Amino acid sequence: MGLIGDDREFISAITEAFHWGSGHYLRLLFVDMLLSRSINRPKHVWSKTRHLLSDGILYSQQRIANNRGLRLTNEEILNLTLIEIEKLLRQSKKSLSDFPGMPKPHGYIIEELGNNLIYEERNYDPAGQLQEFNTLYNNLTDEQRDVFKQILTAVDTQNGGVFFLYGYGGTGKTYMWRTLASYIRSRRQICLTVASSGIASLLLPGGRTTHSKFKIPIPTLESLTCDINKGSDRGDLLKVSKLIIWDEAPMCHKFCFEALDKTLRDIMGGSRSSDKIFGGKVIVFGGDFRQILPVIPRGSRSDIIHATINSS
């Protein structure tokens with residue numbers, strides 16, 4: 001009889017406005033409804049109209065990323081919609097937490113909003129990556145599978161972990177990097193693959209040089225840190241990364257690793273892992289100490305040894 005409010009008029013208003021209004025307008029309309037305190041069950045109205053309220057979210061993110069082929073899951077689109085609504089509410093000094101039952105956006109989505117660097121690292125086909133992983137994993141030796149499982153356990157727990165995979169050329173280090181990277185990326189997670197030299201980085205899937213990815217200053221001095229600010233796009237990329245693979249590590253001066261350690265501790269500041277080495281990030285170093293060591297101009301053998309990673 002219409003004596004009990006069931007919020008149907010609000011659902012109908014949003015549905016009707018969808019035929020002539022933009023997605024941004026619909027979100028403004030929903031925010032006005034929330035602020036009016038007339039909705040009895042905000043969560044119910046959200047659940048019935050979220051597919052309309054999220055209109056245009058994917059297109060706006062494609063423009064930000066400058067990638068028309070960008071694809072997001074339904075969960076990611078809905079989280080981005082909630083972020084837009086939260087921003088509009090904060091203009092009136094309100095929040096989604098002020099409305100009981102309304103869902104809150106996930107933290108990792110907030111860091112990814114409009115971050116082209118994160119979009120680039122996540123722009124892999126999960127199905128293709130999983131197929132590649134299955135092919136690579138089936139050809140691993142028993143020893144390589146043990147290494148893979150140890151590293152993956154650290155990635156899943158995210159309690160930090162530093163590994164060093166030592167082996168001369170041809171022992172399968174690059175094969176292991178490809179296996180780890182394809183598995184992490186098949187789960188739509190971020191795996192950063194870097195190398196100390198440009199040639200070595202070309203062998204890695206999505207590889208970059210360490211100085212390019214981590215903005216390590218040149219020359220690298222003991223007191224310096226990476227040129228990455230907390231809260232920047234590159235800082236948020238490091239924050240949400242699940243695994244960092246650093247190939248040909250012995251070629252870099254130990255100050256490079258110390259600079260990254262200090263930077264990650266700063267970026268992860270406030271988390272339970274910020275006091276751990278490398279801010280609690282899982283990092284796998286690889287290389288061969290019998291190959292090229294750090295080049296120290298006019299340095300003695302002792303200077304070169306003290307500059308290597310094993311003296312850090």
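A residue is called buried here when its relative accessible area is under 20%, exposed when that area is over 50%, and partly exposed in between, with a 1.4 Å probe and protein chains only. By that criterion, 45% of the 312 residues of this protein count as buried.

Good morning, colleagues. The structure above is a predicted model, in which local features need pLDDT of at least 70 and side-chain atom pairs count only at pLDDT 80 or more, while totals for chains, interfaces and linings use all residues. Residues are numbered from 1 along each chain as its sequence is written, and side-chain values use heavy atoms, with hydrogens and water left out.

I begin with the overall content. The protein has 15 helices and 5 strands; these are DSSP runs numbered from the N terminus, helices being H or I of at least four residues and strands E of at least two. Its exposed surface is about 16,200 Å², of which carbon and sulfur atoms supply 52%, the areas coming from the Shrake-Rupley method with a 1.4 Å probe, where for residues only the protein chains shown count as cover. Taking a contact as heavy atoms within 4.5 Å, 67% of the contacts between residues at least 6 apart in sequence join residues at least 24 apart.

Next, the sheet. Two strands are taken to pair if DSSP finds at least two bridges between them. The 5 strands make an open sheet with parallel pairing, and their order is E1-E5-E4-E2-E3. Why do E1 and E3 each have one side without a neighbour in the sheet? E1 and strand E3 (208–209) stand at the edges, and each has a single partner strand, so one side of each is left without a neighbour.

The individual pairings can be followed across the sheet. E1 runs parallel to E5 over 6 bridges, and Leu-165 stands opposite Gly-286 in E5. E5 is in turn joined to E4 by 3 bridges, again parallel, with Ile-244 opposite Ile-283 in E5. Between strand E2 (residues 191–195) and strand E4 (residues 243–247) there are 5 bridges, also in the parallel sense, and here Thr-193 faces Ile-245 in E4.

Strand E5 (residues 282–287) deserves a moment: 6 of its 6 residues are buried. In a regular strand, side chains alternate between the two faces of the sheet. In E5 both faces are covered, with Val-282, Val-284 and Gly-286 buried on one side and Ile-283, Phe-285 and Gly-287 buried on the other.

After E5 comes the loop leading to helix H15 (301–307), and Gln-291 has its place there. Is Gln-291 buried or partly exposed? Gln-291 counts as partly exposed because its relative accessibility is 36%. Its contacts, not counting residues up to four places away in sequence, are Gly-169 and Glu-248. The C-alpha atoms of Gln-291 and Pro-250 are 8.3 Å apart, although 41 residues separate the two in sequence.

Two residues in helices may be set beside this. Phe-30 belongs to helix H2 (residues 23–36) and counts as buried because its relative accessibility is 0%. With residues up to four places away left out, Phe-30 touches Ile-14, Pro-42, Val-45, Trp-46, Leu-53, Ile-85 and Met-102. Phe-10 lies 20 residues from Phe-30 along the chain, with 8.5 Å between their C-alpha atoms. Ser-201, in helix H11 (residues 198–202), is buried as well, with a relative accessible area of 6%. Beyond its neighbours within four places, Ser-201 is in contact with Ala-195, Gly-207, Arg-208 and Thr-209.

I turn finally to the empty spaces. On a 1 Å grid over the protein atoms alone, a cavity is a set of points where a 1.4 Å probe fits but cannot get out, and a pocket is an open set with protein on both sides within 12 Å along at least five of seven lines; lining residues have an atom within 4 Å of a point. Grid points are joined across faces, edges and corners, and a volume is the space filled by probe spheres set on the points.

The second largest pocket holds about 230 Å³. Helix H9 (142–157), strand E1 (161–166) and helix H10 (173–186) each give two or more residues to its lining, and H9 provides the largest share, 3 residues. Among the lining residues are Glu-143, Leu-165, Tyr-166 and Lys-173.

The whole structure contains 2 cavities of 30 Å³ or more. The second largest has about 30 Å³ of space, and its lining includes Tyr-119, Asn-123 and Arg-188.
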